[in-house]
Structures are given as C-alpha cells and as structure tokens.
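Open the model in your viewer and keep the selection tool at hand. This tour goes stop by stop.

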Amino acid sequence: MKRLEVRSLAVDLGPSRALQGIDLSLEPGCLTALIGPNGAGKTTLLRAMAGLVRPSAGEVALNGTPIARMPASERARAIAYLPQGGGVAWPLPVAKVVALGRLPFGERPEELPAKGREAVEAALRAVALEGFESRPATSLSGGERARMLLARALATQAPVLLADEPVAALDPRHQLIVLEVLKARARAGATVVAILHDLNLAARFADRIVLLDQGKVEVSGLPETVLTEAHLGSSFGIRARVTREEAGLLVLAQGPLPDP
Ligand SMILES: Nc1ncnc2c1ncn2[C@@H]1O[C@H](COP(=O)(O)OP(=O)(O)OP(=O)(O)O)[C@@H](O)[C@H]1O
C-alpha cells in the first residue's frame with residue numbers, strides 16, 4: 001500500500017506558473033477525483049504525481065520517499081499512469097499493447113510469464129475487451145482504444161494508479177464499468193486518482209474530491225464538501241443545483257454565470 005504525498009508543490013510551464021502551493025495526501029484504498037475547469041492544472045498535477053514533470057518547488061513522495069529520488073524502473077512498477085486521450089501509432093494486436101504494461105517488470109509482450117499473462121487477461125476482462133486480443137490496436141474505435149490503454153495501465157497492477165480523464169471517450173455503460181474497476185482497485189488497496197469532468201460521476205464514485213482552480217487547491221474533501229453550489233459557481237462559473245438523491249448527490253448545471 002502506498003500513500004502519495006504532494007508537498008508544497010509548484011510547477012512552472014514555460015513562463016507561467018501552472019501549479020502553486022499544492023499540499024495533498026492521497027490515501028491507499030481511496031478513489032480521489034481531481035476536478036476543475038479547463039486549464040486549472042489537473043493534468044500538470046497528475047503528471048507531477050507520476051514524476052513526469054519536474055517541480056519548481058516542493059516534491060511528491062511515495063510512502064515518504066521523494067519520487068524524484070526513486071530509480072525510474074522502481075517508479076514505473078509503483079505508479080501506473082494513463083495519459084489523456086492517448087493514441088497508438090502501430091497496428092500491434094490489442095493483447096500486445098496491454099502487455100506493454102508488464103514492461104516495468106522486465107516481462108516482454110512476446111514472452112509473458114504466467115503472472116503477466118494473468119494480469120493482461122484480467123485487465124482486458126476489467127475493461128470489457130475480451131475477444132479483442134488479436135485486433136490491430138489501430139482498428140479500434142475511440143472508446144475501445146481508451147479502454148485498451150486503461151487496460152495497459154491496469155495490467156501493471158501498480159499500487160498507485162493515475163488516470164487522466166479515463167471515461168471521457170466512453171459511452172455511459174462503459175463509463176460505469178471503468179469507474180467500478182477503478183473503485184475496485186482502490187478497495188483492493190490501491191491509491192487511485194482520476195481526473196473527471198463529469199461532476200455526477202465524481203459525486204457518485206469518488207471517496208474524495210480535489211477541486212483545482214487556477215493552479216491551486218480550492219477545496220478538497222468529501223463530495224458533499226466540495227460539490228456545493230457556491231464552489232461550482234466560483235470555480236466553474238456555472239449556476240448549479242445540488243440535491244441529495246437516494247443514489248447520492250445530483251449536480252444539475254443550469255447555466256453559465258456571466259464573466260466576473
Ligand atoms: N507546455 C506548456 N507550456 C506553457 N503552458 C502550458 C504548457 N502545458 C500546459 N500549459 C498551461 O498550463 C495550464 C494548466 O494546464 P493543464 O493541462 O494542467 O490543465 P487541465 O486542468 O488539465 O485542463 P483541461 O481540463 O483543459 O485538460 C493551462 O493554462 C495550460 O495552458
């Protein structure tokens with residue numbers, strides 16, 4: 001089990017400060033949704049958590065060890081990262097693409113050991129892509145491709161899973177399937193962080209929500225603490241109604257607020 005800590009993190013991208021003063025503790029067993037308006041810094045924060053962006057100040061630590069000091073191979077086994085809208089350039093069979101998730105263990109797709117094969121099969125099952133194993137990856141639809149790339153990240157079976165908009169390209173049924181998979185990973189002890197734009201899915205599935213706005217954490221905590229009409233107005237610029245239904249919080253975006 002790995003706790004991911006973000007301590008006083010700042011990131012500069014070119015001339016602009018993308019993140020500033022970020023302090024977060026991401027707990028094992030917990031699915032955290034990262035939400036915020038376009039350009040808030042969500043992808044930058046997730047990339048920093050994966051060790052893909054160099055902080056200008058502060059650090060990210062895994063069970064107390066700064067990830068910048070971890071060997072790349074160790075980090076790749078500990079943190080699986082699903083980039084936003086990833087693509088595939090070669091017509092590799094789907095099973096081989098998913099098997100690339102085993103590379104951090106030195107397992108090559110063409111000669112996977114039993115454990116690697118099981119991990120790949122379980123990942124394909126989890127995203128409902130059984131039967132796609134030999135299809136060329138380049139022949140998949142956008143949503144199928146997104147699920148294949150999530151399966152690659154799942155196949156690593158890393159204790160930390162960071163997913164950038166894992167359900168953005170998916171139909172409603174597959175959105176639910178994928179979020180249930182992420183939740184199950186968390187329940188099995190993983191630390192899971194997913195960027196979500198759908199506030200109702202965040203309300204329903206996240207144990208904790210972090211709302212980023214202009215490179216800072218505006219608020220973080222339980223869904224009912226974060227998804228308030230006031231926060232939705234001030235950070236997203238929308239007039240919204242939040243009601244509590246039997247299934248959980250329901251966010252109804254009613255209209256954009258005028259520019260401040
Ligand atoms: N390479 C770069 N150079 C300069 N600025 C950048 C660079 N990459 C991102 N930015 C800026 O940093 C800010 C944060 O970007 P980021 O992609 O993290 O936002 P986001 O919250 O993920 O947005 P979205 O919801 O649109 O995906 C944005 O203002 C973006 O324009």
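**Stop 1: the annotated span**

Select residues 4–239. An unreviewed UniProt entry annotates them as "domain: ABC transporter". UniProt positions are given here in the numbering of this model, feature names are shortened, and annotations may be inferred rather than shown by experiment. The end C-alpha atoms of residues 4–239 lie 34 Å apart. The span is 35% helix and 26% strand. Helices (H or I, at least four residues) and strands (E, at least two) are DSSP runs, numbered from the N terminus.

**Before you go on**

Residues are numbered from 1 along each chain as its sequence is written. This is a predicted model: local features need pLDDT of at least 70, side-chain atom pairs count only at pLDDT 80 or more, and totals for chains, interfaces and linings use all residues. Now colour by pLDDT, the predictor's confidence in each residue, from 0 to 100. The mean pLDDT of the protein is 95. Of its residues, 100% reach 70 or more. For the complex, the predictor gives an ipTM of 0.97 and a pTM of 0.96.

**Stop 2: helix H1**

Select residues 42–49, helix H1. How many of its 8 residues are buried? The count is 6, so the helix is mostly covered. A residue is buried if 20 or more other C-beta atoms lie within 10 Å of its own, exposed if 12 or fewer, and partly exposed in between; C-beta atoms are placed from the backbone. The buried residues of H1 are Lys42, Thr44, Leu45, Leu46, Ala48 and Met49. Step to Gly51, just after H1. Gly51 takes a positive phi of about 80°.

**Stop 3: strand E9 and its partners**

Select residues 208–213, strand E9. Why is E9 largely enclosed by the rest of the structure? Because 5 of its 6 residues are buried.

Add strand E3, residues 31–35. E3 and E9 pair in the parallel sense over 4 bridges. Two strands pair if DSSP finds at least two bridges between them. Find Ala33: it stands opposite Ile209 in E9.

Next, add strand E10, residues 216–221. E9 and E10 run antiparallel, joined by 5 bridges. Val210 stands opposite Ser220 in E10. E9 and E10 form a hairpin with 2 residues between them. In the turn, Gln214 has a positive phi of about 50°.

**Stop 4: strands E11 and E12**

Select residues 238–245 for E11 and 248–256 for E12. These strands pair in the antiparallel sense over 8 bridges. Val242 stands opposite Val251 in E12. A hairpin joins E11 to E12 through 2 residues.
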